[in-house]
Amino acid sequence: MPNIAKKFYPEIQGIRAISIMAVILFHFGVHFLPGGYVGVDMFFVISGFLITSMIAGELSRNTFSLVKFYKHRVIRLLPNLFVMIAATLIISYLVLHPYDFMQFAKSLQFSAIYLTNMVFAKQQGYFDMSRDVKPLLHTWSLSIEEQFYLIFPLLLIVLYKFKSHRITILLLIAGLSLYARFNYGQQHLPTEGFFSFAGRVWEFVIGALVALMPAALRQKLSGNEVLAMLGLLIVLASLLLLGEGLPHADMLLLLPCLATALLIACGGGTRAGHWLSGKVLVFIGGLSYSLYLWHWPLIVWLHNVDHGLSRYAEIAVLLMLTVIVSYLAWKYVEEPFRNNRERFSGRQIGGLTLLFAVFCISFGGYVYANKGMEDRFPNWVAVEKNLAAFDFKAVTGADQHYAACTIGDDVQANLRNCAFGDLKSNKRFLLLGDSHAYAASPAFNVVAQAKGMQGVVANLSGCPPIFGVSSYDGAKNICVEKFDERIKALIAAGGFEKVFLVSCWAAYTEGDPNNQPNHFISDVQTLSLDAASSKRVIENHLQETITYMQARGIDVVLIQGVPLLPKVVQDLPVDFTQPLADVQRKNQFMHDYAKQHPSLVTIDPMDVFCDDQVCRTRDEGNVLYGDDNHISAAGAALLIKLIEPVL
């Protein structure tokens, strides 16, 4: 075991500074750093190196204390985290709507036991909660780091007894972690793989291997100018080029992680190390934990208030607030505790940890039990009552049946379990789309029953009904790789007469300049970073999809997008309407596509949601939306008259 004493590494502080600046700018929506998210992966490598170096040095001197280690970690991380969570709670109370506040409460509870990464693994998705209403979303990485701090010292204690095999064991662990993340995880649980500790262990192990490398190899790498510069260039290139939609972007994460390890191994004596050891970068690196803690709640706050700022003005305000708040928290919370950590007894630290857990669990439980304290927003309560009061059967003559089914590999099971309408009929049609297909399914069910037809639904939230495309939500490609294969198998076995393509088209063709990610649609040739590229990809693959179905004797019906709202309906006045021209502008691309293909049968929801001048959000007092884009049961009822003549 190398005798590695605990020391200060200014060049590592510089790497931290680059990492945190990249992450923050990426989260702020600065487009020239599409790989900014890589900063988190670099942090994990750095943590693996520093923690292993410290523990290995103390183990070699027989001075390591597990209790002392845990005590110092708590003092280092908990005070600033506790203050941030308290402030976030206040922000969330003021700006988050009831459902979002309930989900915040759930993440608050799990933050007490450092498992928020698994909470968000179950939530992350395009049509699930927006990232802008998840104030504790960034704590997923802190949870993973805490899990590492809890488990890895125990592993190192065991490895200390197996000196000749510890590198082999660590390499085996890294290999299993890589498999969990990039093989099994990508195929079966892509989101869970992204957020899971098992899928991230390899990054910590890379840092640990640098700390434990043989002395001869350490001497060869130390001060190597070429390798240090290569490492720095790979890191910078990754931040500038490694966009989430890049083919094999996940596997390419190996490059910045290995480059970070290379920078650490070559040490501060190189030119690259000298640049990284500059006073400004070292200072920012020292602030990195506080900067990471505070930047995300500020984003959530600013994105949930009407400020009227331009995109660049918003970024400037966020940057200024993040620096000021983070510095104050570092100076008056983080540093006083860290500098006086020996004054705190184990009992005091245990009490602080218990207080943190009790606070998070009890308050989170209170908020959840009170349905997100919905009385804060009377309009939400009124809309909720309106939606619940709508009698779908009285209006349509059929039960309100929502059909939702993400297609699996068993085609016959899909045909059985995803069916609706007249289940005894052999006349079948397919309802294919994103979550808007689910929202419209009650209308299709009414018509299918009336006409003696059987419908089968296949929907994948956040993914348009087009073969050969991808849509990224910030963590993964929502359009899972087997989706195309499964739908084609379903078409081959289903005997469908018609296919209805239903989607929130404007979300993919227009995007939102103030929102990240934008869910532009990409394919293997094109990484779409703007609306123009996304439209080209959609046009090409939509035509291929339609041609594929028509070649098999299936009539294709294109459902245009419903009018999208500027806010969720709960935040709009009761009499709110949109100018027809504004709605047409958002849906112009798909309208033009339909005009260019006059033989394609098209249904346009604007025919029932709009008149000659405006598009409405209510019909005879009934709310037509559940949020800002999904129609309610009352909205679905309006579609029946459009579906009947086509089906």
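How many residues apart are Y327 and W330 in helix α17 (residues 311-339)? The first view takes that up; every view here comes from a predicted model.

**View 1. Y327 and W330 make a tilted ring pair on helix α17.** These two sit 3 residues apart in the helix, so about one helical turn separates Y327 from W330. An α-helix runs at 3.6 residues a turn, so residues three or four places apart point the same way. Here the ring centres are 5.7 Å apart and the planes meet at 40 degrees. That angle falls between the 30 degrees below which a pair counts as stacked and the 60 degrees above which it counts as edge-to-face, so this pair goes down as tilted. As for burial, Y327 is partly exposed, at a relative accessible area of 31%, while W330 is buried, at 17%.

**View 2. Ring pairs tie a set of aromatics into a cluster.** The structure holds 30 aromatic pairs. Look here for F44, F64, F69, Y70, W140, F148, Y149, F152, F195 and F204, which are linked by ring pairs. W140 will turn up again in the next view, as one of the residues that touch the most other members of the largest nonpolar core.

**View 3. L81 and its contacts in the largest nonpolar core.** This core has 111 residues, and I55, L81, I85 and W140 are the ones touching the most other members. Helix α2 (residues 38-60) gives the most to the core, with 13 residues. Zoom in on L81 and you find it touching Y114, L142, Y289, L293 and F356, leaving aside residues up to four places away in sequence. Another core, of 90 residues, lies apart from this one; A439, F496, V537 and M549 are among its members.

**View 4. Two arginines sit over tyrosine faces.** R376 lies over the face of Y93, 5.3 Å from the ring centre. In the other pair, R552 lies over the face of Y548, with 3.6 Å to the ring centre.

**View 5. An open sheet of 6 strands, with β5 between β2 and β7.** Reading across, the order is β1-β3-β2-β5-β7-β9, and the pairing is mixed. The edges are β1 (419-421) and β9, each pairing on one side only. From one strand to the next, the twist averages 25 degrees. Helix α25 packs on the sheet and touches β2, β5 and β7, its direction making about 165 degrees with that of β5.

**View 6. Strand β5 pairs in the parallel sense with β2 and with β7.** Strands of a sheet pair through backbone hydrogen bonds, either parallel or antiparallel. Strand β2 (residues 428-433) meets β5 over 6 bridges: F429 has K498 as its bridge partner, and L430 stands opposite V499. With β7, strand β5 shares 5 bridges, and there L501 partners L558. Strand β5 (residues 496-502) is mostly covered, with 6 of its 7 residues buried.

**View 7. Helix α27 and the elements that cover its buried residues.** Within α27 (residues 588-596), the buried residues are F589, M590, H591, Y593 and A594. What covers the buried residues of α27? The helices include α24 (505-509), α25 (531-550), α26 (580-586) and α28 (606-609). Strands β7 (555-559) and β9 (601-603) contribute to the cover too. You've met both strands already, in the sheet of 6 strands.

Conventions. Residues are numbered from 1 along each chain as its sequence is written. This is a predicted model: local features need pLDDT of at least 70, side-chain atom pairs count only at pLDDT 80 or more; totals for chains, interfaces and linings use all residues. Side-chain values use heavy atoms; hydrogens and water are left out. Rings of Phe, Tyr and Trp (its six-membered ring) pair if their centres lie within 6.5 Å; planes under 30 degrees apart count as stacked, over 60 as edge-to-face and the rest as tilted. Helices (H or I, at least four residues) and strands (E, at least two) are DSSP runs, numbered from the N terminus. Buried means under 20% relative accessible area, exposed over 50%, partly exposed in between (1.4 Å probe, protein chains only). A charge sits over a ring if NZ of Lys or CZ of Arg is within 6 Å of the ring centre and within 35 degrees of the ring normal. Contact means heavy atoms within 4.5 Å. Two strands pair if DSSP finds at least two bridges between them. Axes are lines fitted to C-alpha atoms, for helices over the stretch in contact, and angles run from 0 to 180 degrees between N-to-C directions. A nonpolar core is a set of buried Ala, Val, Leu, Ile, Met, Phe, Trp, Tyr and Cys residues joined through side-chain atoms within 4.5 Å.
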